[in-house]
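Thanks for passing this one along. Here are my notes, in the order I jotted them down.

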Amino acid sequence: MTPEVPVPEPVLRILATLEDAGHETWCVGGAIRDALVGDPQQDVDLATSAPPEVVQRLFRRTIPVGIEHGTVGVLDEHGGLHEVTTFRADVQTDGRHAEVVFGVSLDEDLARRDFTVNAMAWHPIRREWRDPFGGRDDLTRGVVRAVGDAAQRFREDRLRILRALRFAARFGWQIDPDTWAAVVAQGRETGHLSAERVREEWWKGMTAARDPRALMSLWESSGVAEVWLPAGPADQPASTGIVPDSHDPLLLLSYWRAPVEPHLRRLKCSGVEIARGRGIDRCPVRPSDASPKSVRHWLAVAGPAADDLVTLARWRELHTDGWTTEVAAVRARGEATTRGELAVTGDDLIAEGIAERGRHLGVLLERLLDAVLNDPSCNTRERLLRLAREP
Ligand code: ATP
Ligand code: MG
């Protein structure tokens, strides 16, 4: 039985336009794989014998999204962007960048793709498959297998190592033994990749992984983690421990690699992400006890990191005395745990002639917050002004 891949109407029309102009055109890439595993997530990419400038001429609205690699974005009437890439072959690769040539056949185009399950093509008009490397078999068996000689393919582009791990974890598949041997032999060579690409793979991979632990274990056993996420003395192997109930890549990294900030910096994460990681690192992992007072003081220190820390504490089983329930209760009662929630502001204290702008004002507000954390009933304008006037 030959399965069929549903192809969206606008993509079909683009394909038909190219075919009518005499250019062989096929549906290719990850969308074909995803359709066959029953998890359609992305638009169907087209591969065509038409050179890029012909694709640009045949359609009214195009965007040269990756023209140097032969990719033209074609806009449909609803403004949807669909990628059309000219059949191409890699001529020269240095493990990071590739130079391509056009004017090759579909089979040559499929041969430069990374894994057999990513190297299938479907022709929706002729209802025809092209699957020169047995991708359908591998997909049915649940195997990630390199197209051709795995070691050679990884030397051409080390990112393929990370992609192999990602696909295996996303679908819960095995990595073919020869491909795995090449992964292990070259795992440390991923150190030559740019941090941005590695970061992207961690983020995509953890978001999509069926069981995030499986992906972390693969990063560890392949040698990739040794280069990009070196473990500290307190870090446990991913295979031990709980199954995290989140796919948040930063939180997962914090769970396996504390403190997380150095890792986020190595991966060249954004300032927002680094700040989030630092917030997690610098706060105690839990309050000293589950009393409302201790929990309020802890929340004041945790600030915006509180929810992340609660999740991490659950994963680390540091929550059994019920303090996380008390966190919710403090919030439900609306008790102040930040300066901004105090019944007086710095401006009030200045207007009342109690303080002047500057460092002293900050110290005073901190003292008021401390009083409110000890006893939430202090949090009225009257009582706080009285407290502020005390020496
Ligand atoms: P996803 O979009 O889920 O990451 P994908 O397989 O669609 O998976 P893309 O990066 O969108 O990945 O690439 C589309 C296709 O291009 C792939 O299916 C594969 O055929 C080919 N490809 C992508 N990256 C590489 C690579 N590094 N080496 C060889 N072929 C690749
Ligand atoms: Mg894709």
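Which residues form one aromatic cluster with W256?

1. The partners are Y255 and W315, so to speak: together with W256 they make up one aromatic cluster. Keep in mind throughout that this is a predicted model. Across the model, the count of aromatic pairs comes to seven.

2. One of those pairs is F115 with F167, an edge-to-face arrangement with 6.2 Å centre to centre and 80° between the planes. This pair ties together distant parts of the chain, since the two residues are 52 apart: F115 is in the loop between α4 (106–111) and β8 (121–123), while F167 belongs to helix α7 (residues 159–171). F115 is buried because its relative accessible area is 0%, below the 20% cut-off. F167 has 3% relative accessibility, so F167 counts as buried too.

3. Another pair is W122 with W129, and here the geometry is tilted, with 5.2 Å between centres and 40° between the planes. The angle falls in the tilted class because stacked needs planes under 30 degrees apart and edge-to-face needs over 60. W122 is at 1% relative accessibility and therefore buried. W129, at 14%, also counts as buried.

4. Back to F167, which has a charged visitor: the charged end of R166 sits over the F167 ring, 4.9 Å from its centre. R166 is itself in helix α7 and, at 10% relative accessibility, counts as buried. The side chain of R166 also makes a polar contact of 2.7 Å with the side chain of E201. Setting aside neighbours within four places in sequence, R166 is in contact with E201, K204, G205 and L215.

5. There is a second arginine-over-ring arrangement to look at. The charged end of R199 sits over the ring of W203, and the distance to the ring centre is 4.1 Å.

6. Now the pocket, if you plan to put anything through a docking grid. The largest pocket has a volume of about 1,300 Å³. Its lining comes to 40 residues, and R88, R112, R113, D114 and R163 are the ones that lie nearest the centre of the pocket.

7. Which helix gives the most to the lining of the largest pocket? That would be α7, with six residues. Each of the following supplies at least two lining residues: α2 (30–36), β2 (45–48), β3 (62–66), β5 (81–86), β6 (88–93), β7 (98–102), α7 and α9 (195–208). So helix α7 turns up in several of these notes: it holds F167 of the edge-to-face pair, it holds R166, and it contributes to the pocket lining.

8. Last, a residue in a loop. D375 is found between α19 (359–374) and α20 (381–389). Is D375 buried or partly exposed? Its relative accessible area is 29%, which means partly exposed. The D375 side chain makes a polar contact of 2.7 Å with the side chain of S377. Not counting residues up to four places away in sequence, D375 touches R296 and R383. For a sense of scale, D375 and V37 are 57 Å apart in space, C-alpha to C-alpha, and 338 residues apart in sequence.

Notes:
Residues are numbered from 1 along each chain as its sequence is written. Chains are lettered from A and ligands numbered from 1 in the order in which they are written. This is a predicted model: local features need pLDDT of at least 70, side-chain atom pairs count only at pLDDT 80 or more; totals for chains, interfaces and linings use all residues. Side-chain values use heavy atoms; hydrogens and water are left out. Helices (H or I, at least four residues) and strands (E, at least two) are DSSP runs, numbered from the N terminus. Buried means under 20% relative accessible area, exposed over 50%, partly exposed in between (1.4 Å probe, protein chains only). Contact means heavy atoms within 4.5 Å. A polar contact is a pair of N or O atoms within 3.5 Å; within protein, one must be able to donate a hydrogen and the other to accept it, and residues adjacent in sequence count only if both atoms are side-chain atoms. Rings of Phe, Tyr and Trp (its six-membered ring) pair if their centres lie within 6.5 Å; planes under 30 degrees apart count as stacked, over 60 as edge-to-face and the rest as tilted. A charge sits over a ring if NZ of Lys or CZ of Arg is within 6 Å of the ring centre and within 35 degrees of the ring normal. On a 1 Å grid over the protein atoms alone, a cavity is a set of points where a 1.4 Å probe fits but cannot get out, and a pocket is an open set with protein on both sides within 12 Å along at least five of seven lines; lining residues have an atom within 4 Å of a point. Grid points are joined across faces, edges and corners, and a volume is the space filled by probe spheres set on the points.
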